[in-house]
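Colleague: Hi! Could you walk me through this one? I'm new to it.

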Amino acid sequence: MFNKKMLLLISFLFCVVLTGCSINIQDLAKQSISEMVEVYFSGAGDFSANISSGQREEPYEYNGKTGELKDFSVVTMLVSDNQKCIQAEISVNDKKATIILEQDLLSSSYVVDLGYKVSEDDKISIKYKGSVVDLECRSQNFNIKSSDALEIGTEAFSDELENLVSKRKLSAECYLRIIDNPNDKFNRLFWYFYIYAENGTSHYCVINIEDGNILTKS
């Protein structure tokens, strides 16, 4: 009887130790975020513009490792122009500032980082060549918030992420962004979760902002 009790006790303690030392993939993924969009604005008129805001690493590079996180708000404008840089005026809660946007050669859009994070209740507009576009905060109406999307993404790749764990650290970095299309006036928006590992492998999925369903996974 004594031996049986001791055996049960040892088995119980062994299970407790294993549980206490188990790897939480969700926590590791959160610790390995290199970019996470939390707030998203968009608007369209004589030109189209959007703002993705949150935190991302600095320097910003794909290397499978997460750097120090900084607040950001990337302004993207799609205008009928063909210059290397354009100048616009942004108004955030009636505080105006001149911004210089550089052309992204891949998308032909113009981008700039404001260097700070905007809030969902901010009032934002952009003026370019006499035309003003008011930006609407779309993320406040998402059924699936950024934290939900991160959880859905990491759960979808739980096996892949577990295989990337070394010495209780994730040998990869995670990105959470918004996919949009200014050509349809931002009517279709999706979460995009991306994993880039130190060994060069990568995984991604596209998540519905309304119900959290995964639309594409690779």
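Colleague: How does the lining of the second largest pocket divide into nonpolar, polar and charged residues?
Modeller: That lining has 3 nonpolar, 6 polar and 4 charged residues. Here Ala, Val, Leu, Ile, Met, Phe, Trp, Tyr, Cys and Pro count as nonpolar, Asp, Glu, Lys and Arg as charged, and the others, Gly among them, as polar.

Colleague: And which residues are closest to its centre?
Modeller: Ser32, Lys169, Leu170, Ser171 and Ala172, out of 13 that line the second largest pocket. A pocket is an open set of points on a 1 Å grid over the protein atoms alone, where a 1.4 Å probe fits, with protein on both sides within 12 Å along at least five of seven lines; lining residues have an atom within 4 Å of a point.

Colleague: Is this predicted or not, and what should I know about the numbering?
Modeller: It's a predicted model, where local features need pLDDT of at least 70, side-chain atom pairs count only at pLDDT 80 or more, and totals for chains, interfaces and linings use all residues. Residues are numbered from 1 along each chain as its sequence is written, and side-chain values use heavy atoms, leaving out hydrogens and water.

Colleague: What is the mean pLDDT?
Modeller: The mean is 90, on the predictor's confidence scale from 0 to 100 for each residue. Over residues 4-21, though, pLDDT stays under 50. Where pLDDT is low, the predicted coordinates should not be read in detail.

Colleague: Back to pockets: what lines the largest one, by class?
Modeller: Its lining has 14 nonpolar, 6 polar and 5 charged residues. Thr76, Asp104, Ser109, Val111 and Asp180 are the closest to its centre.

Note on methods
Contact = heavy atoms within 4.5 Å.
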